[in-house]
Amino acid sequence: MIRTHPDDPPLTVRETAEIARVTALAALRRGVLTSRQQNRIDRILTGARTRAEKDTKK
């Protein structure tokens, strides 16, 4: 698992790849993240946090 920031949960390979894909699309489009792309990254991180909480409860 990959950790991006000390406050973020560890990311799976799939989550990392999805964030990389969204970031690459942003680079193709004037090099800035649009609100839609930022929201997508936020949803991925929220899902990772939820998954990490479930894993720690087990």
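**Exercise 1. Find how far apart Arg21 and Glu18 are along helix H1, and describe how their side chains meet.**

Solution. Begin with the positions: Arg21 and Glu18 are 3 residues apart in helix H1, so about one helical turn separates them. A helix here is a DSSP run of H or I with at least four residues, a strand is a run of E with at least two, and both are numbered from the N terminus. Next, look at the side chains, which meet in a salt bridge with 2.8 Å from N to O; the term requires a side-chain nitrogen of Lys or Arg within 4 Å of a carboxyl oxygen of Asp or Glu. Side chains of opposite charge can pair when their charged atoms come close.

Before going on, note that this is a predicted model, in which local features need pLDDT of at least 70 and side-chain atom pairs count only at pLDDT 80 or more, while totals for chains, interfaces and linings use all residues. Residues are numbered from 1 along each chain as its sequence is written, and side-chain values use heavy atoms, with hydrogens and water left out.

**Exercise 2. Decide whether Glu18 and Arg21 are buried or partly exposed, and find which residue of helix H2 also pairs with Glu18.**

Solution. First recall the cut-offs: buried means under 20% relative accessible area, exposed means over 50%, and partly exposed lies in between, with a 1.4 Å probe and protein chains only. Glu18, with a relative accessible area of 16%, is buried, whereas Arg21, at 43%, is partly exposed. Glu18 also forms a salt bridge with Arg40, where the closest N and O atoms are 3.4 Å apart. This pair links distant parts of the chain, since Glu18 is in helix H1 and Arg40 in helix H2, 22 residues apart. Arg40 itself is partly exposed, with a relative accessible area of 30%.

**Exercise 3. Explain which parts of the chain are tied together by the salt bridge of Asp8 and Arg49.**

Solution. Start with the distance: the closest N and O atoms of Asp8 and Arg49 are 3.3 Å apart. Asp8 lies in the segment before H1 and Arg49 in helix H2, so the pair ties together parts that are 41 residues apart in sequence. Then compare their surroundings: Asp8 counts as buried at 14% relative accessibility, and Arg49 is partly exposed at 35%. A search of the whole structure finds 5 salt bridges.

**Exercise 4. Name the residues of the largest nonpolar core, and find which helix supplies its largest share.**

Solution. A nonpolar core is a set of buried Ala, Val, Leu, Ile, Met, Phe, Trp, Tyr and Cys residues joined through side-chain atoms within 4.5 Å. The largest one has 7 residues, namely Leu11, Ile19, Val22, Ile41, Ile44, Leu45 and Ala48. Helix H1 (13-28) and helix H2 (35-57) each supply at least two residues of this core, and its largest share, 4 residues, comes from H2. Now take one member: leaving aside neighbours within four places in sequence, Ile19 is in contact (heavy atoms within 4.5 Å) with Leu11, Ile44 and Leu45. In soluble globular proteins, nonpolar side chains tend to be buried together.

**Exercise 5. State how many helices and strands the protein has, and what percentage of its residues is buried.**

Solution. The protein has 2 helices and 0 strands. Of its 58 residues, 24% are buried.
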